[in-house]
Structure formats: structure tokens, C-alpha cells
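Reader: I'd like to go through a model with you, a few questions at a time. Could you take me through the reasoning as well as the answers?

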Amino acid sequence: MGSRNHEVSMLMENGGGGNIVKGLSKEMRHGRTAHNMSSSSLHKKSDLTLVSKVHSIPLRNVLVNLQEVVLGTKLSILFPAIPLAVVAQCYGFGRPWIFALSLLGLTPLAERVSFLTEQLAYYTGPTVGGLLNATCGNATELIIAIFALSNNKIHVVKYSLLGSIISNLLLVLGTSLFCGGIANIRKEQKYDRRQADINLLMLFVALLCHLLPVLFHYVGASAADTAESSLQLSRAASIVMVIAYCVYLVFQLWTHRQLFEAQDEVDEEGGNESEEAVIGFWSAFAWLVGMTVIIALLSEYVVQTIEDASDSWGLSVSFLSIILLPIVGNAAEHAGAIIFAFKNKLDISLGVSLGSATQISMFVVPLCVIVAWIMGIKMDLNFNILETGSFAVAITITAFTLQDGTSHYMKGLVLLLCYIVIGACFFVQRTPSNVANITLKSATEAVFRAQ
């Protein structure tokens with residue numbers, strides 16, 4: 001045991017990108033989550049033949065890092081959008097262009113953050129790796145939400161987080177089940193219901209915490225009292241949700257880890273390279289910090305320009321936040337889930353979609369409420385009746401879809417159709433829901449005063 005720890009520590013101290021972890025035991029390698037497996041599906045095997053001929057060791061390590069981190073993904077073609085977004089911002093290009101380029105730049109960054117957390121997990125073990133994944137798995141959504149809060153754009157925070165949840169439950173899961181059902185139409189598709197049941201229970205807890213603040217507006221109290229009660233309830237519920245998510249992490253990473261571990265099956269294309277780290281610990285850590293900073297920069301651009309893009313393209317902010325942001329920002333994760341569905345590995349696809357939805361609803365959303373509380377901003381869990389209703393329908397239909405442990409393409413098609421209808425709803429919605437509610441309430445009060 002001591003010799004193994006010594007070997008791991010020596011490897012961690014070596015920051016060179018060319019070192020491969022070969023001495024780790026099966027226990028250290030076991031426990032990859034579905035999120036990690038989804039990310040690895042987009043990893044592109046690097047040819048290090050030319051790099052290995054470089055005589056300078058520091059230069060060779062830098063080149064290996066660049067090849068593995070920047071060019072080692074099938075989404076590397078989108079990396080040029082990052083400097084283009086910065087140039088567009090610095091030279092005052094059109095705000096919609098800045099918004100579009102920033103969104104495209106966030107796509108490969110989100111996938112690379114997942115890849116880097118997986119690399120760190122090879123050195124830290126599955127438990128710490130799982131905690132890293134729980135923290136960084138939805139880093140893009142969290143950073144965008146924090147910048148939107150700092151700009152007092154609470155509606156953007158609510159819309160974007162709600163959109164991420166709905167897209168994971170209906171779009172990602174629906175596409176995975178549909179494509180998997182078509183590709184394996186003559187096979188019986190089964191999955192482990194136990195993981196899905198736990199995630200759905202957590203989602204129903206989140207739904208309750210969102211539904212009660214909305215119902216406060218229909219209890220007959222004055223608007224001022226209702227708003228204050230809703231805010232206090234939301235803050236209390238957010239604390240409960242964060243505690244529940246921490247217990248969920250204990251359940252996932254310690255007491256019932258076997259329910260959430262992805263099966264490390266060797267497939268024909270990938271061979272066994274996913275079992276080895278391709279860059280050193282400190283290199284992965286430095287890349288992770290750097291990419292988080294770039295995500296923060298692009299997220300700030302997105303928050304600052306989303307309303308200008310809405311005006312220029314003739315699309316509502318709600319549609320851009322609920323539909324477009326999650327689709328583009330999480331494209332890599334979504335693609336990975338669909339790829340594994342094609343391979344009839346539905347447990348991984350379910351782990352990606354349900355796990356991400358649970359993390360956002362039970363951790364990211366309440367954390368935003370708590371952060372806003374600290375910043376002195378009054379953000380509650382009242383997402384308005386239309387948005388909360390869409391959230392409730394998404395969770396309910398997903399629960400019915402996954403109740404029997406089997407799948408076929410018709411289930412996926414139904415989920416996709418529900419997502420299309422919800423998307424069409426926000427596409428035709430031109431007035432933000434909160435403004436509509438205020439207008440309706442003012443009109444009602446005016447009628448009563450006239451009588």
C-alpha cells in the first residue's frame with residue numbers, strides 16, 4: 001500500500017504531459033461516472049510520433065499538453081471562436097456576433113473541463129474524482145449564472161438553469177432513447193432503474209421547492225407580503241436542497257457507489273486507452289484553472305450581449321436562455337450521451353442526462369439563490385407559472401418513461417415531441433412572464449378599484 005501511494009505521489013509531482021499512469025490498481029481506476037464516460041466518447045486519440053522526436057524535454061511536454069488538451073477532442077475545430085470572440089469584444093463588433101462566438105467557444109471548453117477532471121481523477125482516486133466532477137460538471141452554467149447575478153439579470157439566471165434541466169430531461173434523454181431505439185431496433189434495450197429512481201426522487205424534491213413559492217401568489221395575501229414570504233421560503237428551501245445534494249453525494253460516492261459506476265467496457269474503436277491518464281497531475285490542474293478563467297470571460301460576454309442578440313434576431317430572451325444556451329453550451333455532453341445510446345449503453349446515457357439535471361436543480365439553482373442572498377440580491381425559486389409548469393411536465397413524463405426499465409424509440413420520440421412543444425411555447429412568447437404577471441395583476445386591481 002505504501003509503495004503504491006509513493007508511486008502515485010511521484011507521478012503527481014511530475015507535471016510533464018507525456019507521463020502515463022501505469023501503476024495504479026484496478027481500485028484506483030474503477031468508479032468512472034457516466035459524465036466521464038460521455039466526455040471520453042469525444043476524445044480523439046493523439047499521434048505523438050512527431051512530438052516524441054523533440055529533444056528538449058520541457059518543449060516536448062508543452063507540445064504533448066497542447067496536442068492532448070487542445071487537439072485531443074473532436075470539437076477542436078470550435079476553439080478559434082474563443083479568440084474571435086475576444087477580438088470582436090475589443091474592437092466593438094456587433095453584439096450578436098459576440099454572443100454567437102462566445103457560445104461556440106463555450107462548447108469545447110465545457111467538454112475539456114470534463115476531460116481534465118477525469119485526468120485528475122486518475123491521480124486522486126474515484127472518490128475525489130467524483131467530487132471534482134460534482135463540482136465542475138456544470139461549471140459553465142454556474143459561471144454564467146453568477147455573472148448574470150452580478151449584472152442583476154435574475155431572469156437570465158432562472159431561464160438558463162431551467163433550460164439546462166429541461167434540455168437534459170427531454171432533449172438529451174429523448175434523443176438518446178430515440179437514436180438508441182432506432183440503432184438497436186431488433187434488440188431489447190434495458191437499463192438499471194435504481195439509479196434513475198434516485199435521480200427522479202431528487203428532481204421531485206426540487207419541483208416541490210419550486211412549486212411552493214409559485215403557489216404563494218395565489219393565497220390571497222398582498223403582493224408585498226407574498227413576495228417577502230416567497231423569498232424567505234426560497235432561501236430556506238435552498239439550504240435544504242444543498243444539504244440534500246450533499247447527502248446524495250455521500251450516497252453516490254461512498255455508501256452506494258456501485259449504482260452510479262459506469263461499466264468500463266472495452267469497445268472496438270476505443271481499445272483500452274481510456275484507462276490511462278495522458279497528462280500529468282499539475283498539468284491537468286493548470287489547464288483546468290486556465291480554462292475556467294476563459295469560461296468566465298466568455299460567460300461575461302454572453303450575459304452582456306444576450307439582450308442585444310434577442311433584439312437583433314427577433315427572439316425572446318426566454319427562448320435564447322431556455323433553448324439555445326443549453327443546446328450549444330452542453331453540446332459535447334449531449335453528443336456523448338447519444339453516442340453511448342447508439343452502442344446500447346443506456347445506463348451511461350441515463351447517468352449523463354438525469355445526473356446533470358439533478359446537479360443543476362438540487363445544487364446549482366439553490367446555490368445561486370444563496371449567492372444572491374449574500375450579494376444582497378432578492379432571487380427566489382419562483383420561476384413563474386409557465387416555467388414551473390414546464391419543469392413539472394418534464395419531470396413527470398420522464399418518470400413515466402423510465403418506470404419499467406426498458407426502452408424503445410417511441411419513448412424517445414414522445415420526449416422529443418414534448419421538448420419541441422415547450423420550445424415552441426417560449427419561441428412565441430414575446431413578453432417575459434414576470435412582466436406579464438405584473439401587468440395582469442395591475443389590470444385586475446384597476447378593475448376592482450373601478451367597481
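Author: Sure, and let's start with a term: a residue counts as buried under 20% relative accessible area, as exposed over 50%, and as partly exposed in between. Keep in mind that this is a predicted model.

Reader: Is Asn384 buried or exposed?

Author: Asn384 sits in helix α16, which covers residues 384-401. Its phi is positive, about 75 degrees, although it is not a glycine. Most residues other than glycine have a negative phi. The relative accessibility of Asn384 is 14%, so this residue counts as buried.

Reader: And what is the relative accessible area of Asn344?

Author: Asn344 is in the loop between α14 (331-342) and α15. Here too phi is positive in a residue other than glycine, near 65 degrees. Asn344 counts as partly exposed, because its relative accessible area is 26%.

Reader: How are α8 and α15 oriented to each other?

Author: Helix α8 spans residues 139-150 and helix α15 residues 346-375, and their axes are 10 Å apart. The packing angle is about 25 degrees. Angles under 35 degrees count as roughly parallel, so α8 and α15 are roughly parallel to each other.

Reader: How many residues of the contact of α8 with α15 are nonpolar?

Author: On the α8 side, the contact is made by Glu141, Leu142, Ala145, Leu149 and Ser150. From α15 come Ile360, Val364, Leu367, Cys368, Val371, Ala372 and Met375. One residue of this contact is charged, one is polar, and the nonpolar ones number 10.

Reader: Which handedness does the crossing of α8 and α15 have?

Author: This crossing belongs to the pair whose axes are 10 Å apart. Where α8 passes α15, the crossing is right-handed.

Notes. Residues numbered from 1 in each chain as written. Predicted model: local features only at pLDDT ≥ 70, side-chain atom pairs only at ≥ 80, totals over all residues. Heavy atoms only, no water. Axes fitted to C-alpha atoms, helices over the stretch in contact; angles between N-to-C directions. Helix = DSSP H or I, 4+ residues; strand = E, 2+ residues; numbered from the N terminus. Parallel < 35°, antiparallel > 145°, perpendicular 65-115°, else oblique. Left-handed = near helix turned anticlockwise from the far one by under 90°. Contact = heavy atoms within 4.5 Å. Nonpolar A, V, L, I, M, F, W, Y, C, P; charged D, E, K, R; others polar. Buried < 20%, exposed > 50% of the residue type's maximum accessible area, 1.4 Å probe, protein only.
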